[in-house]
Amino acid sequence: MEKILIDGYNLLYKDGVLKKMAERSLEEAREQLLDSISAYRTGMMEILVVFDGAGPSPTRSMSGRTGVQVRFSPRTKTADQVILELIDREPRRASLTVVTSDKKDIGRIARAEGVRWISSESFLRRLRRPVKPGIKTDREKPAGTSAEELKYWLRRFGSDPSEGD
C-alpha cells in the first residue's frame, strides 16, 4: 500500500486559490484542500496530511474522509519534524511518498532514506487532473499505436495497405 505524507500548509500555500481563501478563513481553505486530496485518493493509498500548530476548534471535525488522516504538529515541533519522524519509524520506506516543496530539508532527507519526494506544485497538478473510476490515467497509456500494432489491426479487419486492393 502506498503511503503519502503531505506537508499540509506547504501544499495549501502553493495553490493560489486556497492561499486567497486562507486569508479569509484558514479552516475553510484546509477543508477545501482535504476534500481535493480525498477525491484524488484511490483504494490502495493511505494519506496523512500534517499541518503546523493547533488544530481546528473542537466543534469542527477534520475526519470523515476515508483513507485521509490529519495530524497537527505539537507546539514543540513543526510539521516538517513530524514528517521526518514518520519517515524514521516507517519500515517500508519505499512505499512512502512525501509531498512538500521543501527540497533542502525534507526532500533531501527523504531521498537519502529511500522515500519518493514530490514537490507541492507537482502534486497540485495531480489533484487538478480529472480522474474517473475505472479509467486509466494518461501516464498508464502508451504514447501511441506502434506501426506494428497498426499493421496487425489493419490486417485483422482486412484493410492492410501492404496487401494492395
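1. Phenylalanine 51 of strand 2 and phenylalanine 72 of strand 3 are bridge partners. The model in which this pairing appears is a predicted one. Strand 2 (45-51) and strand 3 (68-72) run parallel and are joined by 5 bridges.

2. The other pairing of interest for strand 2 is with strand 1, again in the parallel sense, over 6 bridges. Here isoleucine 6 has valine 49 of strand 2 as its bridge partner. Of the 7 residues of strand 2, 6 are buried, so this strand is largely enclosed by the rest of the structure.

3. Strand 1 also pairs with strand 4 (residues 96-99), in the parallel sense and over 4 bridges. Isoleucine 6 takes part here too: valine 99 is its bridge partner in strand 4. The student may therefore follow isoleucine 6 to valine 49 in strand 2 and to valine 99 in strand 4, bearing in mind that in a regular strand the side chains alternate between the two faces of the sheet.

4. How are the strands ordered in the sheet? The sheet is open, has 5 strands, and shows the order 3-2-1-4-5 with parallel pairing. Strand 3 and strand 5 (116-118) are at the edges with a single partner strand each, so each has one side without a neighbour in the sheet. From one strand to the next, the twist averages 20 degrees.

5. Two helices that pack on this sheet deserve attention. Helix 3 touches strand 1, strand 2 and strand 3, and its direction makes about 165 degrees with that of strand 2. Helix 5 (residues 103-112) touches strand 1, strand 4 and strand 5, and its direction makes about 150 degrees with that of strand 5.

6. Two packed helices are described by the angle between their axes and the distance between the axes. For helix 2 and helix 3, the angle is about 145 degrees and the axes are 6 Å apart. Helix 2 contributes Leu18, Met21, Ala22 and Arg24 to the contact, while helix 3 contributes Leu26, Glu28, Ala29, Gln32 and Leu33. Sorted by class, the residues of this contact are 6 nonpolar, 1 polar and 2 charged.

7. Which residues touch the most other members of the largest nonpolar core? They are Ile6, Leu11, Ile37, Ile47 and Phe123, in a core of 24 residues. At least two residues each come from several elements, including strand 1 (2-7), helix 1 (8-12), helix 2 (16-24) and helix 6 (120-128). Helix 3 provides the largest share, 5 residues.

8. Phenylalanine 123 illustrates how distant parts of the sequence meet. Neighbours within four places in sequence being left aside, phenylalanine 123 is in contact with Ile4, Ile6, Leu11, Ile37, Tyr40, Val99 and Ile118. Another core, of 13 residues, lies apart from the largest one; Leu5, Leu86, Leu96 and Val115 are among its members.

9. The chain as a whole may now be summarised. Its secondary structure comprises 7 helices and 5 strands, which follow the pattern β-α-α-α-β-β-α-β-α-β-α-α along the sequence. The chain has 165 residues, of which 36% count as buried. Among contacts with a separation of 6 or more, 51% are between residues 24 or more positions apart. The accessible surface comes to about 10700 Å², and carbon and sulfur atoms account for 51% of this area.

How values were computed. Residues numbered from 1 in each chain as written. Predicted model: local features only at pLDDT ≥ 70, side-chain atom pairs only at ≥ 80, totals over all residues. Heavy atoms only, no water. Core = buried A, V, L, I, M, F, W, Y, C linked by side-chain atoms within 4.5 Å. Buried < 20%, exposed > 50% of the residue type's maximum accessible area, 1.4 Å probe, protein only. Contact = heavy atoms within 4.5 Å. Pairing = 2+ DSSP bridges. Axes fitted to C-alpha atoms, helices over the stretch in contact; angles between N-to-C directions. Nonpolar A, V, L, I, M, F, W, Y, C, P; charged D, E, K, R; others polar. Areas by Shrake-Rupley, 256 points an atom, 1.4 Å probe, with all protein chains shown as cover.
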